[in-house]
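Me: I've got a model open and a handful of labels I'd like to see justified. Can you take me through them?

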Amino acid sequence: MGVRKVKAAVADAGPLIHLTEIDCFWLLNIFKALHIPDAVWSETVGQNRVPQAKVLELNNVHRHSLPQAEVTRFIQENGLEDLQIGECECLYLCQQTGVPVLLTDDLAVRKAAKRLKFTPVGSLGVVVKAHQLGRISLADAKHYITALYDVSSLFVARAIVELAIEQLYTRSEESQRI
C-alpha cells in the first residue's frame, strides 16, 4: 500500500507560517496538491516568512495568479470586504478549482469558508491529520501541537490545544483496538 494522502487543499498564510515556525512545514506533504494564490505567496515566501526552498521541496505546490477583477467581484458578491486579499484569493480559489479544503487559522476566514460550504482546517488540524494518516507518531503529533501553542505565533486557547491532544490519544487507543 502506498503513502496515504489527502486529495488537495488551498493554503492561506497562517498554516504555512505557523508550521514553518515549529519546523514541521513538511507535514503539508500529506496533500496530493497544495494550492497557493499569489497574494498568500507574497505574504509568506515574498516576505521571507516561509523559505521558498521549503515550499518547492514539497513537490505538491501549485501557485496561482488570479484575475483581480474576478476576485474583486467575488469579494463583493460574497460580502468578504472585511477579509484581507490573500484570504479572499484563497476562498475564490477554492470556488474556482472545486477544492473544498481551506487551510486557515483565522476565525473570520473559517466562518466565511463554512458559509461558502468549504471545510476550514487549521495548523492543529494538519498535525492531527498527519497522525491519522500514520505519517507521524503520537508523540510527534503531541510535540507539534504543543509547539504550535508554546513556540509559534499562532493564537490558540490552551483549552483547544488540550482538546486536540486528547483527541489524538482517543484516536490512537481506538486504532490499537482494531
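Reply: Sure. One term comes up straight away: a residue is buried when its relative accessible area is under 20%, and exposed when that value is over 50%. Keep in mind that this is a predicted model.

Me: What makes helix α1 largely enclosed?

Reply: Eight of the nine residues of helix α1, which spans residues 13-21, are buried, so the rest of the structure largely encloses the helix. The buried ones are Ala13, Gly14, Pro15, Leu16, Ile17, His18, Leu19 and Thr20.

Me: Which elements do the buried residues of α1 pack against?

Reply: They pack against two helices further along, α7 (123-132) and α8 (138-150), as well as α2 (38-44), and against the strands β1 (6-11), β2 (31-37) and β4 (101-103). Contact here takes heavy atoms within 4.5 Å.

Me: And what follows α1?

Reply: Asp23 does, with a positive phi near 55°. Asp23 sits in the loop between α1 and β2.

Me: Why is Asp23 called exposed?

Reply: Its relative accessible area is 59%. The cut-off for exposed is over 50%, so a residue with that value gets the label.

Me: Which other loop residue has a positive phi although it is not a glycine?

Reply: Asn48, at about 55°. Asn48 is found in the loop between α2 and α3 (52-57).

Me: How do you know whether Asn48 is buried or exposed?

Reply: Asn48 has a relative accessibility of 71%, so it counts as exposed. Again, the cut-off to pass is over 50%.

Me: On to the sheet. In what order do its strands run?

Reply: The order is β3-β2-β1-β4-β5, five strands in an open sheet with parallel pairing.

Me: What makes β3 and β5 edge strands?

Reply: β3 (61-64) and β5 (119-121) each have a single partner strand, so one side of each has no neighbour in the sheet. From one strand to the next, the twist averages 30°.

Me: How do you know that β2 and β3 pair?

Reply: Two strands count as paired if there are at least two bridges between them. β2 and β3 have four, in the parallel sense. Leu34 stands opposite Val61 in β3.

Me: Which helices lie on the sheet, and at what angles?

Reply: One of them is α5 (residues 85-97), which lies across β1, β2, β3 and β4 and runs at about 130° to β2. α6 also packs on the sheet, where it touches β4 and β5, and its direction makes about 155° with that of β5.

Me: Now the pockets. What is the volume of the largest pocket, and which residues are closest to its centre?

Reply: The volume is about 410 Å³. Of its 18 lining residues, Arg110, Gly122, Leu124, Val156 and Ile160 are closest to the centre. α6 (107-115), α7 and α9 (158-177) each supply at least two residues of that lining.

Me: What classes make up the lining of the largest pocket?

Reply: There are 11 nonpolar, four polar and three charged residues.

Me: And the second largest pocket: what is its volume, and what lines it?

Reply: It has a volume of about 170 Å³. The lining has 13 residues, with Asp12, Ala13, Gly14, Glu43 and Glu87 nearest the centre. By class, six are charged, five polar and two nonpolar.

Me: Which element gives the most to that lining?

Reply: α1 does, with four residues. That brings us back to the helix we began with, whose Ala13 and Gly14 are among the buried residues.

Notes. Residues numbered from 1 in each chain as written. Predicted model: local features only at pLDDT ≥ 70, side-chain atom pairs only at ≥ 80, totals over all residues. Heavy atoms only, no water. Buried < 20%, exposed > 50% of the residue type's maximum accessible area, 1.4 Å probe, protein only. 1 Å grid on protein atoms, 1.4 Å probe; cavity = no way out; pocket = protein on both sides within 12 Å on 5 of 7 lines; lining within 4 Å. Points joined across faces, edges and corners; volume = space filled by probe spheres on them. Nonpolar A, V, L, I, M, F, W, Y, C, P; charged D, E, K, R; others polar. Axes fitted to C-alpha atoms, helices over the stretch in contact; angles between N-to-C directions.
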